Amino acid sequence: MNIATKELQLNDDIRDREVRVVADNGEQMGIMSTADALKIAMQKNLDLVKIAPHAKPPVCKIMDYGKYRFEQQKREKEARKNQRVIEVKEVQLSLNIDTHDLETKVNHARKFLSAGNKVKVSIRFRGREMAHPERGIEIMEKFASYLTEVGVVEKPAKMESRTMLMFLAAKTAK
C-alpha cells in the first residue's frame, strides 16, 4: 500500500464530502459520504483512515489504525536492522614507497576489504613527482595485484590534479 503523506488523516479529521471506501478485508464498498463511512467504521469499532488524499474522490480505508502503525514501525525497524552501511576507508601511498611499507599498507587494505568496506587508494604527487605519473600507475597496479584474492578494482588509477586515485571493492562470495 503506497501512502502519500507520513501523517494520515483519520476519523473526524477527514473533511471531504465524498470518499471512496475500502473495507478492512480489502473489499471495495464504493463512494459514499464521509459521515456514512465514519458510521460504518464506528460500528466495526475501527478507524476510517484517508490513504490516498490526492485521488478523486479521496480513498479511505476502514482499519485498526493503532495496529497498522505498530506493524509499520516493526517493518521499518526490521529494514533498518538488515541494512549494511559500506564505509570507504583510505590508504595513502607515496611515490617512493618501500616494499615493506607497501606490504603493511596492503595488509591494512586487506583487513578493510575483508570487513566488507571499500578502499580508496591515493598517491599525492609533490613537486617534480608530477613529471612521472607512470610510476604512480605502476605502484597502484602492484598494490591491486597484492589484493586480487580479496578485492577487485572498482575504478582504475586516475590522476585528479596532484592526486592519483583508485578504488577497490570487496570481492563478493559466490
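In the predicted model, Ser-122 is found in strand 6. With a relative accessibility of 5%, Ser-122 counts as buried, because the threshold for burial is under 20%. The side chain of Ser-122 makes a polar contact with the side chain of Glu-90 at 2.9 Å. Apart from residues up to four places away in sequence, Ser-122 touches Glu-90, Val-91, Gln-92, Leu-93, Met-140, Thr-163, Met-164 and Leu-165.

Strand 6 (118–124) belongs to an open sheet of 4 strands, in which the order is 5-6-8-7 and the pairing is mixed. Strand 5 and strand 7 stand at the edges with a single partner strand each, so one side of each is left without a neighbour in the sheet. On average, and with direction ignored, neighbouring strands of this sheet are turned by 20 degrees against each other. Strand 5 and strand 6 run parallel and are joined by 6 bridges. Within this pair, Val-88 stands opposite Lys-118 in strand 6.

Two helices lie across the strands of this sheet. Helix 3 lies across strand 5, strand 6, strand 7 and strand 8, and runs at about 175 degrees to strand 5. Helix 4 likewise lies across strand 5, strand 6, strand 7 and strand 8, with an angle of about 15 degrees to strand 8.

Helix 3 comprises 16 residues (99–114), and the distance from its first C-alpha to its last is 22 Å, close to the 22 Å expected at 1.5 Å a residue. Its buried residues are Leu-102, Val-106, Ala-109 and Leu-113. These residues cover an arc of only 65 degrees around the axis and are therefore placed on the same side of helix 3. The cover over the buried residues of helix 3 includes strand 5 (88–93), strand 6 (118–124), helix 4 (133–146), strand 7 (151–160) and strand 8 (163–170). On the face turned away from the buried side, helix 3 carries the exposed residues His-100, Lys-111 and Ser-114. Just after helix 3, Gly-116 adopts a positive phi of about 95 degrees.

Outside this sheet, Lys-50 was examined in strand 3 (residues 47–52). Lys-50 counts as buried, because its relative accessibility of 9% lies under 20%. Its side chain makes polar contacts with two other side chains, that of Gln-9 at 2.8 Å and that of Asp-16 at 2.5 Å. When neighbours within four places in sequence are left aside, Lys-50 is in contact with Leu-8, Gln-9, Ile-14, Asp-16, Pro-58, Val-59 and Cys-60. The contacts of Lys-50 thus include both of its polar partners, Gln-9 and Asp-16.

Leu-38 has its place in helix 1 (residues 34–43). A relative accessible area of 16% also falls under the 20% limit, so Leu-38 is buried. With neighbours within four places in sequence left aside, Leu-38 is in contact with Asn-11, Asp-12 and Leu-48. One of these residues, Asp-12, is 26 residues from Leu-38 in sequence, while the C-alpha to C-alpha distance between Leu-38 and Asp-12 is 8.1 Å.

Notes:
Residues are numbered from 1 along each chain as its sequence is written. This is a predicted model: local features need pLDDT of at least 70, side-chain atom pairs count only at pLDDT 80 or more; totals for chains, interfaces and linings use all residues. Side-chain values use heavy atoms; hydrogens and water are left out. The expected span of a helix is 1.5 Å times one less than its number of residues. Buried means under 20% relative accessible area, exposed over 50%, partly exposed in between (1.4 Å probe, protein chains only). The arc is that of the directions from the helix axis to the C-beta atoms. Contact means heavy atoms within 4.5 Å. Two strands pair if DSSP finds at least two bridges between them. Axes are lines fitted to C-alpha atoms, for helices over the stretch in contact, and angles run from 0 to 180 degrees between N-to-C directions. A polar contact is a pair of N or O atoms within 3.5 Å; within protein, one must be able to donate a hydrogen and the other to accept it, and residues adjacent in sequence count only if both atoms are side-chain atoms.
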